[in-house]
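Open the model in your viewer and keep the sequence panel beside it. This tour goes stop by stop, with a selection to make at each one.

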Amino acid sequence: MLKTRFLVAFFILFNVAAQAQKTETFIINPSKSLVKWAGKKIVGGNTEGTILVSKGSLDFASKQLKSGEIVMDATSINSEKASPRLVAHLKNQDFFDVEKHPTASFVITSVKAGNNPQVTGKMTIKGITKELSFPAQITYGKDSVVAKASGIKVNRTLFDVKYRSGSIFSGLGDGAIEDDFVLDITLVSDKK
């Protein structure tokens, strides 16, 4: 009888622990999600725009973000403020070479919990993968999740985007472009 009670208690505790760690997957809704980007010259001239989210998912356990992936459509790089010529230049081999590399991605490898969780993962641009960390704001809901991160600095030269980089080329003067560009990410996800 004692063995039976012990086994029942163990089974209940095991099920409670399993339910607490049950992974919930939320699928990113591309029509409600967006990545904003901004870059600038060393002297004057900010440029900003958007890039569309293709797909992705976020995984949670006990209402905490644990892992996930976002895939961005590099061919969708756009800017309402920049000329079509500049947008076309951003898409060519000098910058993101979207014909050869039509997507960019970020895969979450770890999350340090807190009010603004610290998200760490692998960013892939132009087929080159580098680690990136940033704080995020996560609003967890039963049926949907909103994840936001602002001011994410990405050093473009690490991804072989070297055009007019003052840290690589000398004598560029006012034509130099800062190595860092900045991303603001908003992801809206629905429960799978």
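**First stop: the second largest pocket**

This is a predicted model. Begin with the second largest pocket, whose volume is about 260 Å³. Select K36, W37, E48, G49 and T50, the residues nearest its centre. They belong to a lining of 13 residues. Now colour by element: strand 2, strand 3 and strand 10 each supply at least two residues of this lining. Colour by class next. The lining divides into four nonpolar, four polar and five charged residues.

**Second stop: the largest pocket**

Keep W37 selected, as W37 also lies among the residues nearest the centre of the largest pocket. Add L86, L90, F95 and F96 to complete that central group. The full lining counts 33 residues. Several elements give two or more residues to it: strand 2 (34-40), strand 3 (46-61), strand 4 (64-78), helix 2 (84-91), strand 5 (103-112), strand 6 (118-125) and strand 10 (180-191). The space inside comes to about 710 Å³. By class, the lining has 17 nonpolar, eight polar and eight charged residues.

**Third stop: the whole chain**

Zoom out and show the cartoon. The chain has two helices and 10 strands. Trace them from the N terminus: the order is α-β-β-β-β-α-β-β-β-β-β-β. Switch on the surface. The accessible surface comes to about 11,700 Å², and 54% of it belongs to carbon and sulfur atoms. Of the 192 residues, 35% count as buried. How do the contacts spread along the sequence? Among those between residues at least 6 apart, 57% join residues at least 24 apart.

Colour by pLDDT before going further. The mean is 90, and 89% of the residues reach 70 or more. Select residues 15-20, where the pLDDT is below 50. Beyond near neighbours in sequence, this stretch has two contacts in the model. Where pLDDT is low, the predicted coordinates should not be read in detail.

**Fourth stop: the cavity**

Hide the surface and look inside. How many cavities of 30 Å³ or more does a search of the whole structure find? The search finds one. Its space is about 180 Å³. Strand 4, strand 5, strand 9 and strand 10 each give two or more residues to the lining. Strand 4 provides the largest share, four residues. Select I108, F134, A147, I185 and L187 to mark the centre; these lie nearest to it among 16 lining residues. What is the make-up of this lining by class? It divides into 13 nonpolar, one polar and two charged residues.

**Fifth stop: A149**

Leave F134 and I185 displayed, and add A149. A149 is found in strand 9 (residues 144-155). Is A149 buried or exposed? A149 is buried, because its relative accessible area is 5%, under the 20% cut-off. Show its contacts. Leaving aside neighbours within four places in sequence, A149 touches F134, P135, A136, L183, D184 and I185. Now draw a distance from A149 to D184. They are 35 residues apart in sequence, yet their C-alpha atoms are 5.7 Å apart in space.

**Sixth stop: the loop after strand 9**

Move to the loop between strand 9 and strand 10, and select S165 there. S165 is buried, with a relative accessible area of 0%. Not counting residues up to four places away in sequence, S165 is in contact with R156, T157, L172, I177 and D179. Draw a second distance, from S165 to A176. These two are 11 residues apart along the chain, and their C-alpha atoms are separated by 5.8 Å.

Stay in this loop and pick D160. Its phi is near 60°, a positive value in a residue other than glycine. D160 is partly exposed, with a relative accessible area of 38%.

**Last stop: K126**

Finish in the loop between strand 6 and strand 7 (128-135), where K126 sits. K126 also has a positive phi, near 55°, in a residue other than glycine. Is K126 buried or exposed? K126 counts as buried, because its relative accessibility is 13%, again under 20%.

Note on methods
Residues are numbered from 1 along each chain as its sequence is written. This is a predicted model: local features need pLDDT of at least 70, side-chain atom pairs count only at pLDDT 80 or more; totals for chains, interfaces and linings use all residues. Side-chain values use heavy atoms; hydrogens and water are left out. Buried means under 20% relative accessible area, exposed over 50%, partly exposed in between (1.4 Å probe, protein chains only). Contact means heavy atoms within 4.5 Å. Accessible areas come from the Shrake-Rupley method with a 1.4 Å probe; for residues, only the protein chains shown count as cover. On a 1 Å grid over the protein atoms alone, a cavity is a set of points where a 1.4 Å probe fits but cannot get out, and a pocket is an open set with protein on both sides within 12 Å along at least five of seven lines; lining residues have an atom within 4 Å of a point. Grid points are joined across faces, edges and corners, and a volume is the space filled by probe spheres set on the points. Ala, Val, Leu, Ile, Met, Phe, Trp, Tyr, Cys and Pro count as nonpolar, Asp, Glu, Lys and Arg as charged, and the others, Gly among them, as polar. pLDDT is the predictor's confidence in each residue, from 0 to 100.
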